[in-house]
Amino acid sequence: MGIHPRERVGFIGDALDCYWAHLAGVKIAAEIPTEGAFVFWTSSPEEQDRILKVFTKSGANVVVTNLSVPSVVSASWQRIGTTDHSMHPLLSVAQDGSESK
């Protein structure tokens, strides 16, 4: 799905279920633990975008979750195969702070 070894990813959910990061050879750069996920999912779209930009600034190219993605935001999240995980691609942040795809 476009995630390569040595890439940095963001994560939302139960960190005990992060064996996949080791298997994929990626590093979790930033995370929202399960306890904070409800706040993220119920935040306004603007607040979610702001938080996703923090993930991007940490060097993450995608955010992965092992939690159920609410239907109101599911269009921007892709299910990963037949797993319970989903991912959201992030815009990259250039050196000057501008964003690109």
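Phe-11 is buried in this predicted model, with a relative accessible area of 0%, where buried denotes under 20% relative accessible area, exposed over 50% and partly exposed in between (1.4 Å probe, protein chains only). Trp-20 is likewise buried, at a relative accessible area of 15%. Residues are numbered from 1 along each chain as its sequence is written. Because the model is predicted, local features need pLDDT of at least 70 and side-chain atom pairs count only at pLDDT 80 or more, while totals for chains, interfaces and linings use all residues; side-chain values use heavy atoms, without hydrogens and water.

Three aromatic pairs are found in a search of the whole structure. Rings of Phe, Tyr and Trp (its six-membered ring) pair if their centres lie within 6.5 Å; planes under 30 degrees apart count as stacked, over 60 as edge-to-face and the rest as tilted. The pair of Phe-11 and Trp-20 is tilted, because the ring centres are 5.8 Å apart and the planes stand at 40°. The pair of Phe-40 and Trp-41 is edge-to-face, with centres 5.1 Å apart and planes at 65°. Phe-40 and Trp-41 are both buried, and ring pairs join them with Trp-77 in a cluster.

Phe-40 and Trp-41 also take part in a helix contact: together with Thr-42 in helix 2, they meet Gln-48, Ile-51 and Leu-52 in helix 3 (contact: heavy atoms within 4.5 Å). By class, this contact of helix 2 with helix 3 has four nonpolar, two polar and no charged residues (nonpolar: Ala, Val, Leu, Ile, Met, Phe, Trp, Tyr, Cys and Pro; charged: Asp, Glu, Lys and Arg; polar: the others, Gly among them).

Methods: Helix = DSSP H or I, 4+ residues; strand = E, 2+ residues; numbered from the N terminus.
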